[in-house]
Amino acid sequence: MRLRTSLPLAKANIIIAEALRLGREEDMLPLTVVVLDTGGKLIAVQSEDGSGIVRFDVAFGKAWGALGMGISSRLIRDRLSKRPVFQTALAAASDGRLIPVPGGVLVRDAEGFTIGAVGISGDTSEKDEYCAIFGIAAAGLGSEPAEPDPDWRSSSLTDFYPD
(Lines give C-alpha, C1' and ligand atoms only; values in the text may rest on other atoms or scores of the structure.)
Protein backbone atom coordinates (compact mmCIF):
# COMPACT_ATOMS: atom_id res chain seq x y z
CA MET A 1 0.00 0.00 0.00
CA ARG A 2 1.24 3.49 -0.84
CA LEU A 3 0.19 6.53 1.18
CA ARG A 4 0.25 10.14 0.09
CA THR A 5 1.56 12.51 2.74
CA SER A 6 0.25 16.02 3.20
CA LEU A 7 3.74 17.47 3.63
CA PRO A 8 6.61 15.41 2.18
CA LEU A 9 9.84 14.87 4.10
CA ALA A 10 11.83 16.53 1.30
CA LYS A 11 9.85 19.77 1.76
CA ALA A 12 10.16 19.52 5.57
CA ASN A 13 13.93 19.23 5.21
CA ILE A 14 14.05 22.34 2.99
CA ILE A 15 12.02 24.26 5.58
CA ILE A 16 14.35 23.22 8.37
CA ALA A 17 17.55 23.90 6.45
CA GLU A 18 16.43 27.40 5.46
CA ALA A 19 15.10 28.25 8.92
CA LEU A 20 18.44 27.26 10.49
CA ARG A 21 20.39 29.12 7.80
CA LEU A 22 18.39 32.29 8.50
CA GLY A 23 18.97 31.89 12.22
CA ARG A 24 22.74 31.79 11.65
CA GLU A 25 22.58 34.68 9.16
CA GLU A 26 20.79 36.81 11.77
CA ASP A 27 23.07 35.63 14.61
CA MET A 28 20.19 34.17 16.59
CA LEU A 29 20.45 31.91 19.59
CA PRO A 30 20.49 28.15 18.78
CA LEU A 31 17.18 27.03 17.29
CA THR A 32 15.09 23.88 17.33
CA VAL A 33 12.79 23.42 14.33
CA VAL A 34 9.84 20.99 14.25
CA VAL A 35 7.69 20.15 11.20
CA LEU A 36 4.35 18.37 11.66
CA ASP A 37 1.83 16.98 9.18
CA THR A 38 -1.87 17.87 9.37
CA GLY A 39 -2.49 15.12 11.91
CA GLY A 40 0.16 16.49 14.26
CA LYS A 41 2.60 13.69 13.44
CA LEU A 42 6.28 14.63 13.53
CA ILE A 43 7.81 14.70 10.05
CA ALA A 44 11.22 16.17 10.88
CA VAL A 45 13.09 17.97 13.64
CA GLN A 46 16.54 19.44 14.07
CA SER A 47 18.15 21.17 17.03
CA GLU A 48 21.27 23.24 16.71
CA ASP A 49 24.17 22.63 19.05
CA GLY A 50 23.50 24.52 22.25
CA SER A 51 19.71 24.47 21.93
CA GLY A 52 18.19 23.68 25.34
CA ILE A 53 16.43 20.37 25.94
CA VAL A 54 13.00 21.98 26.46
CA ARG A 55 13.19 23.74 23.07
CA PHE A 56 11.78 20.66 21.29
CA ASP A 57 8.69 20.67 23.50
CA VAL A 58 8.16 24.41 22.99
CA ALA A 59 8.63 24.20 19.19
CA PHE A 60 6.32 21.16 19.02
CA GLY A 61 3.71 22.96 21.15
CA LYS A 62 3.77 26.02 18.92
CA ALA A 63 3.23 23.92 15.76
CA TRP A 64 0.73 21.55 17.40
CA GLY A 65 -1.30 24.43 18.82
CA ALA A 66 -1.43 26.15 15.44
CA LEU A 67 -2.76 22.96 13.86
CA GLY A 68 -5.17 22.35 16.71
CA MET A 69 -6.71 25.81 16.53
CA GLY A 70 -6.34 26.27 12.76
CA ILE A 71 -4.50 29.58 13.15
CA SER A 72 -0.91 30.64 13.77
CA SER A 73 0.37 30.68 17.34
CA ARG A 74 0.80 34.47 17.03
CA LEU A 75 -2.90 34.81 16.28
CA ILE A 76 -3.71 32.45 19.16
CA ARG A 77 -1.72 34.73 21.48
CA ASP A 78 -3.39 37.85 20.13
CA ARG A 79 -6.91 36.43 20.38
CA LEU A 80 -6.42 34.94 23.84
CA SER A 81 -4.55 37.81 25.50
CA LYS A 82 -7.81 39.16 26.94
CA ARG A 83 -9.34 35.74 27.56
CA PRO A 84 -7.16 34.13 30.26
CA VAL A 85 -9.87 31.71 31.37
CA PHE A 86 -10.20 30.30 27.85
CA GLN A 87 -6.39 30.18 27.51
CA THR A 88 -6.22 28.15 30.72
CA ALA A 89 -8.97 25.86 29.43
CA LEU A 90 -7.05 25.28 26.18
CA ALA A 91 -3.92 24.46 28.15
CA ALA A 92 -5.89 21.91 30.18
CA ALA A 93 -7.68 20.45 27.16
CA SER A 94 -4.36 19.99 25.33
CA ASP A 95 -2.57 18.49 28.34
CA GLY A 96 -0.30 21.54 28.29
CA ARG A 97 0.87 20.95 24.72
CA LEU A 98 -0.45 24.21 23.22
CA ILE A 99 2.14 27.02 23.36
CA PRO A 100 0.35 30.33 22.56
CA VAL A 101 3.25 32.53 21.45
CA PRO A 102 4.60 33.33 17.95
CA GLY A 103 6.71 30.70 16.24
CA GLY A 104 3.98 28.21 15.26
CA VAL A 105 3.19 28.75 11.58
CA LEU A 106 0.73 26.89 9.38
CA VAL A 107 2.02 25.49 6.07
CA ARG A 108 -0.28 25.99 3.08
CA ASP A 109 -0.22 24.40 -0.36
CA ALA A 110 -0.80 26.24 -3.66
CA GLU A 111 -4.58 25.95 -3.21
CA GLY A 112 -4.45 27.45 0.28
CA PHE A 113 -5.07 24.20 2.15
CA THR A 114 -3.20 23.65 5.40
CA ILE A 115 -0.82 20.70 4.94
CA GLY A 116 1.18 20.96 8.15
CA ALA A 117 2.82 23.31 10.60
CA VAL A 118 6.27 24.48 11.64
CA GLY A 119 7.26 25.34 15.17
CA ILE A 120 10.54 26.99 16.13
CA SER A 121 12.00 27.79 19.53
CA GLY A 122 15.34 29.20 20.54
CA ASP A 123 15.35 32.97 20.25
CA THR A 124 12.52 35.47 20.72
CA SER A 125 9.16 34.24 19.51
CA GLU A 126 9.13 36.90 16.79
CA LYS A 127 12.53 35.79 15.48
CA ASP A 128 11.47 32.14 15.64
CA GLU A 129 8.39 32.99 13.58
CA TYR A 130 10.48 34.92 11.01
CA CYS A 131 12.61 31.82 10.40
CA ALA A 132 9.53 29.59 10.10
CA ILE A 133 7.78 31.84 7.57
CA PHE A 134 10.80 32.16 5.29
CA GLY A 135 11.75 28.50 5.71
CA ILE A 136 8.30 27.59 4.43
CA ALA A 137 8.64 30.04 1.52
CA ALA A 138 11.96 28.45 0.55
CA ALA A 139 10.10 25.15 0.11
CA GLY A 140 7.73 26.85 -2.35
CA LEU A 141 4.80 26.78 0.07
CA GLY A 142 2.58 29.39 1.67
CA SER A 143 2.24 30.22 5.34
CA GLU A 144 -0.16 31.67 7.88
CA PRO A 145 0.81 34.25 8.84
CA ALA A 146 2.22 35.23 5.46
CA GLU A 147 4.53 37.89 6.89
CA PRO A 148 6.54 38.11 10.11
CA ASP A 149 5.94 40.73 12.78
CA PRO A 150 7.32 43.97 11.26
CA ASP A 151 9.40 44.51 14.42
CA TRP A 152 10.82 40.98 14.59
CA ARG A 153 14.40 42.17 14.26
CA SER A 154 14.18 44.47 17.31
CA SER A 155 12.84 41.77 19.64
CA SER A 156 15.47 40.78 22.18
CA LEU A 157 16.20 38.31 24.95
CA THR A 158 19.08 40.34 26.37
CA ASP A 159 17.11 40.89 29.57
CA PHE A 160 17.07 37.11 30.00
CA TYR A 161 20.47 36.24 28.54
CA PRO A 162 22.90 39.08 29.34
CA ASP A 163 26.29 39.02 27.62
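In this predicted model, helices H1 and H5 meet through a set of side-by-side residues: Ile14, Ile15, Glu18, Ala19, Leu22 and Gly23 come from H1, while Tyr130, Cys131, Phe134, Gly135, Ile136 and Ala138 come from H5. Sorted by class, this contact holds nine nonpolar, two polar and one charged residues. A pair of packed helices is described by the angle between their axes and by the distance between those axes. Here H1, which covers residues 9-25, and H5, which covers residues 125-138, pack at about 135 degrees, and their axes lie 7 Å apart. That angle makes H1 oblique to H5, since the oblique class takes in angles that are not under 35, not over 145 and not from 65 to 115 degrees. As for handedness, H1 and H5 cross in a right-handed way.

H5 turns up again around helix H2, which runs over residues 55-69. The buried residues of H2 include Ala59, Phe60, Gly61 and Lys62, along with Ala63, Gly65, Ala66 and Leu67. What covers them? The cover includes strands S1 (32-37), S3 (104-108) and S4 (114-121), together with helices H3 (73-80) and H5. The length of H2 can be checked too: with 15 residues at 1.5 Å a residue, H2 should span 21 Å, and this agrees with its end C-alpha atoms, which are 21 Å apart. Just past the end of H2 comes Gly70, whose phi is positive at about 75 degrees.

Some backbone details elsewhere in the chain are worth a look. Most residues other than glycine have a negative phi, and most peptide bonds are trans. Asp27 has a positive phi, near 55 degrees, and is not a glycine. This residue, Asp27, sits in the loop between H1 and S1. Is Asp27 buried or exposed? Asp27 counts as exposed because its relative accessibility is 68%, and the exposed class begins over 50%.

Asp95 is another non-glycine residue with a positive phi, again about 55 degrees. The loop that holds Asp95 links helix H4 (84-93) to S3, and S3 is one of the strands that cover the buried part of H2. With a relative accessible area of 67%, Asp95 is exposed.

The peptide bond between Glu144 and Pro145 is cis, with an omega of about 5 degrees. Pro145 lies in the segment that follows strand S5 (142-144).

Terms used
Residues are numbered from 1 along each chain as its sequence is written. This is a predicted model: local features need pLDDT of at least 70, side-chain atom pairs count only at pLDDT 80 or more; totals for chains, interfaces and linings use all residues. Side-chain values use heavy atoms; hydrogens and water are left out. Axes are lines fitted to C-alpha atoms, for helices over the stretch in contact, and angles run from 0 to 180 degrees between N-to-C directions. Helices (H or I, at least four residues) and strands (E, at least two) are DSSP runs, numbered from the N terminus. A crossing is left-handed if the near helix is turned anticlockwise from the far one by less than a right angle, and right-handed if clockwise. Contact means heavy atoms within 4.5 Å. Ala, Val, Leu, Ile, Met, Phe, Trp, Tyr, Cys and Pro count as nonpolar, Asp, Glu, Lys and Arg as charged, and the others, Gly among them, as polar. The expected span of a helix is 1.5 Å times one less than its number of residues. Buried means under 20% relative accessible area, exposed over 50%, partly exposed in between (1.4 Å probe, protein chains only).
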